[in-house]
Amino acid sequence: MKKLNVGILGPGTVGGGAYEILTKNKDVIEKRTGVSVEVFKLLTRRPRPEFPAELLTDDPDDILNNPDVNVVVETMGGIQPATSFMLQAMKNGKHVVTANKAAVAANYEELTGAALENEVKFLFEASVGGGIPVLTAIQNALSGNNFLEVMGIVNGTTNYILTKMTEDGADYKDVLKDAQAKGFAEADPTADVEGIDAANKLCILTALLFDKYIAPSDIPTTGISQITGTDIAAAAEEGCKIKLIAHATLKDGQVSCSVAPEKIPNSHPLAGVSNEFNAVYITGDMVGEVMFYGKGAGALPTGSAIVGDIISIAKEIK
């Protein structure tokens, strides 16, 4: 039986989730791929007693330059050194899987180009929508379509805040504190509440849907920090809910995109997406309107998407 050795850069929440799935579901993965997928090394800067000591290393070269490693999983976060590590891995003939939307969005063309040049796979399903398999669907099941529009609730923090403001009449600052206490929001929530995270994800969606790379810095972006109860009440009177929407359309050959709070009619499927859940609503010229819904973050949902990409590589190797 063929063997696929996996090195994980950064076994934190998401990387740890991928490790858990690869180890707990090893038998089912082997049965479905015909390949033995093994976690070979874990790169960490601090002691991690929850993992076998023999797997841990603090030297990136133990993974990036190790000929025994076939797939590198990057779950460090941040743009650097994550991007440099991924490029190095691909230059060394290793397939790369990542959940890092910031790095993918900032360096999309360089990373995808490196994969082509080095004849390896660069997969990033987990970078948009956590466990929702939307990117795979765009590139496979829906690839016979000309895509016309995408609307996404792609940030669980902002959706949780807006849900509580809508359903409970809570104040923005109070709900933000609650979200931070529950782990839905970071201590510094700027990237989420100001729409930066959603812009990164829209950049990736736009590149795949419309074959056009638009840098996150070029996407008009407005967050939710200025939304008030008055705004929400006014939207309700119009039969709408306010949602932070990552929105892109193709018209007359031109792509227009934005991230901003939008009034969504209560009859629209996106209006029913609540709390920390995500959804991506896509319109294709043949399939019509389809929506992908699920948990947009978390160790196991996001880890599930990472493992799905690894399985895709394993099947191709087989």
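Leu-162, Thr-163, Thr-166, Glu-167, Lys-241, Ile-242, Lys-243, Ala-271 and Ser-274 line the largest cavity. The model is a predicted one. The volume of this largest cavity is about 60 Å³. Searching the whole structure turns up one cavity of 30 Å³ or more.

What kinds of residues make up the lining? The lining of the largest cavity holds three nonpolar, three polar and three charged residues. Helix 8, residues 156–168, supplies at least two of them, and so does strand 8, residues 240–251. Helix 8 gives the most, with four residues.

Now turn to the sheet that strand 8 belongs to. Five strands form an open sheet, and their order is 9-8-7-10-11. The pairing is antiparallel. Strand 9 (254–265) and strand 11 (288–295) stand at the edges. Each of these two has a single partner strand, so one side of each is left without a neighbour in the sheet. On average, neighbouring strands are turned by 15° against each other, direction ignored.

Look next at one pairing within the sheet. Strand 7 (residues 147–153) and strand 10 (residues 277–284) run antiparallel, and six bridges join them. Take Val-150 as a landmark: its bridge partner in strand 10 is Ile-282.

Helices pack on this sheet too. Helix 8 touches strand 7, strand 8 and strand 10. The direction of helix 8 makes about 140° with that of strand 8. Helix 11 (residues 196–210) also packs on the sheet, touching strand 7, strand 8, strand 9 and strand 10. The direction of helix 11 makes about 35° with that of strand 8. Helix 8 thus appears twice in this tour: it packs on the sheet, and it contributes four residues to the cavity lining.

Finish at Glu-276. Where does Glu-276 lie? Glu-276 sits in the loop between strand 9 and strand 10. Is Glu-276 buried, partly exposed or exposed? Its relative accessible area is 28%. Buried would need a value under 20%, and exposed a value over 50%. Glu-276 is therefore partly exposed.

Which residues does Glu-276 touch, leaving out those up to four places away in sequence? They are Gly-156, Tyr-160, Phe-184 and Gly-296. Thr-163 links this loop residue back to the start of the tour, as Thr-163 is one of the residues lining the largest cavity. Glu-276 and Thr-163 are 113 residues apart in sequence. In space, their C-alpha atoms are 8.8 Å apart.

Technical notes. Residues numbered from 1 in each chain as written. Predicted model: local features only at pLDDT ≥ 70, side-chain atom pairs only at ≥ 80, totals over all residues. Heavy atoms only, no water. 1 Å grid on protein atoms, 1.4 Å probe; cavity = no way out; pocket = protein on both sides within 12 Å on 5 of 7 lines; lining within 4 Å. Points joined across faces, edges and corners; volume = space filled by probe spheres on them. Nonpolar A, V, L, I, M, F, W, Y, C, P; charged D, E, K, R; others polar. Pairing = 2+ DSSP bridges. Axes fitted to C-alpha atoms, helices over the stretch in contact; angles between N-to-C directions. Contact = heavy atoms within 4.5 Å. Buried < 20%, exposed > 50% of the residue type's maximum accessible area, 1.4 Å probe, protein only.
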